[in-house]
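User: Please go through the backbone features of this structure with me, one question at a time.

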Amino acid sequence: MNTVQKPSHSFSPARTILAAAIAALMFSQAPAVLASALIADLAGNQLVGPLPTGESYIYAPNNAPTDIALSNSSAHQSAGANASVGTLTTTDADSGDSHTYSLVSGAGSTDNNSFNISGASLRANDAATLSPGDYSVRIQTDDGNDGTFQKAFTINIVDDIAPIITSASNANATNGMAFSYTITASGGAMTFDAAGLPNGLNTDTNSGIISGTPSQAGMFNVQIMAADAAGNVTTNALNLSVVKATAMILLGNLNPAYDGSGKSITVSTTPEGLTVALTYNGVSASPTNAGNYQVIGIIDDSSYAGSQTNTFVIAKAPLSVQADDATRAYGQTNPIFTGTITGAVPADNMSATYDSEATPTSMSGTYPIVPSINDPDGKLANYEVALTNGTLTVTSMPAVLTIESLPALVQPTNRCAGIIMDHALITLTGEVGRPYDIMVSTNFTDWSVLTNGVTDTNGTLDYMDWEVPNQSQRYFRARSQ
C-alpha cells in the first residue's frame, strides 16, 4: 500500500482521508495507470492523479512547525565577526521534518541586518562593532513542506572588551615640583585609577589625571587602570621616575682660628634640616691644624640632591714671646733670663728660652736678649709668631790709673792721678778690649789726650810719660771711648 502526502495541503482529520474513490482504484489484475483521478477529504484537500491502478493509497497530511527555540540569547563583543548567539531548534509534530531558518521582516525584525544565520546558528555579523545592549530579530523556520513558523527574539550584546590604555608607559617628575599625567584609553573608558603612586600624587578617577607634588624621589612601578561602564578593566604599568629636587647648601664658619681642637664648618640647607656629608681635602674628619682645606658638602637625602664646594681656612693663632730686660755689671756672668710667652695652646707643650751674646768679658753697654721657642711636638706651624727681644745692660767697670814704683803719689780724685816727678809709667786698668783715652791736665780744668789705645786681654793699657820734668804738676785721667 502506498502512502501519498500532498505537499500543498495540510489534511485533517485523518479519518476523512480514504474516500470511496480509493476503493474503486483497487484491482486484482495487473496495474494500469489511470489518466485522471481525484481523491478529496472532508476538509476539501485533494489528491490528483494520474495514479497507477491496482494500488492502495493512504493520504498522510503535513503538520506545520509550531515554535522556535534559541539556545542562547546573547553574544560577547570580544567574539568579533560571526559571533555565535545560539542554536535554533523547531517544535514540529512531524518529527522527521528538516527545518531551515531565515531572517524575515515583520514585527521584531528591527536589527535583522546586524545578524546572520548559518545552518541552525544565529550569529552577529561583527559583535565588536555593536554597542552593548538589546537587539531584535525575526526568524522563520521552514519544514520544507510549505510549513513555516515565525518568531521574534531579543538578542543582548554583552560588552566584555576592556578599554585599551593609550597613554605613555613612562613619565618623569621632580620631587617637590608640580606634576601632571593623564591616563587615556580607547574603548569607552569611564573611570580611572592608579596604584603605587609616590606620596603627594593623587588620581582623579573621572578624568584620569594624576596630579600633585611628589614628596619623595625614586623609581615607581605604578599600575594605571581604566574601566568601562560594563566593569571591564585594563591595567598597564607606568614607569614613573621622580628625580631628586635640587636643594641649596650654605657653608658657614669658614675662617676659624687655630686653638688645638678640631674645626668644623656650619651647614644650613634649603629646605631646612637636610643631612649634608662633609669632607675636608677628601677626609671626613674635622681638621685641627692651621691651613687651607677644600671643603665639599653633599646632600645625603632620598628626595633632595645638591652640593657645595668652598675653601675652609684655619688661621694661625697669634703667638708672642717677650724677653724681659736684665742688668749686670761688667765681668759678671749673665743672669737667668726670663720672659713671657702668650697665645700658646697648653696641650701643644711649647716653651720659650732666652739668650744673649754677651759674655763676662763683653764691654759695658747694651746687648739683645733673644727669645726662642721650644716646640717638641711640632706645633709651631700653627702659630703666627712674634718674638720681641729684651735688653741686657752691662754696666761699665771703672778704669783705674796707677803710677808704677814712684813716690809722692797724689791721691787720685775723679779718676785722676797727680804726681811730681821726672817721668812716670802710667798703667790703665779697665775693661778687656775696650778703647780708652789717657788724658792729661796741668790745671784740672783743661784736658788733652795724652794717648789712646785698646786694653789688652788683661784689661790693661800702659803709657810712659816723659814730660813730667817740664811741668810743675800734671794730672791724669782715663776716658772710655
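The turns below cover strand pairing and unusual backbone geometry in this predicted model.

User: Which residue in strand 9 is the bridge partner of isoleucine 68?

Analyst: The open sheet of 4 strands runs in the order 7-9-12-11 with antiparallel pairing. Its edge strands are strand 7 (67-70) and strand 11 (115-118), each pairing on one side only. Strand 7 and strand 9 (residues 81-91) are antiparallel over 4 bridges. In strand 9, the partner of isoleucine 68 is threonine 90.

User: Along strand 16, which residues point to one face and are buried?

Analyst: In a regular strand, side chains alternate between the two faces of the sheet. Strand 16 (residues 170-174) shows this alternation, with Asn170, Asn172 and Thr174 on the face that is not buried. The buried residues, pointing to the other face, are Ala171 and Ala173.

User: Is asparagine 82 buried, partly exposed or exposed?

Analyst: Asparagine 82 lies in strand 9. Its phi is positive, about 55°, although it is not a glycine. The cut-offs are under 20% for buried and over 50% for exposed. Because its relative accessibility is 37%, asparagine 82 counts as partly exposed.

User: Which residue does a cis peptide bond join to threonine 270?

Analyst: Most peptide bonds are trans. Here omega is about 0° at the bond after threonine 270. The partner lies in the loop between strand 26 (266-270) and strand 27 (276-280). That residue is proline 271.

Technical notes:
Residues numbered from 1 in each chain as written. Predicted model: local features only at pLDDT ≥ 70, side-chain atom pairs only at ≥ 80, totals over all residues. Heavy atoms only, no water. Pairing = 2+ DSSP bridges. Helix = DSSP H or I, 4+ residues; strand = E, 2+ residues; numbered from the N terminus. Buried < 20%, exposed > 50% of the residue type's maximum accessible area, 1.4 Å probe, protein only.
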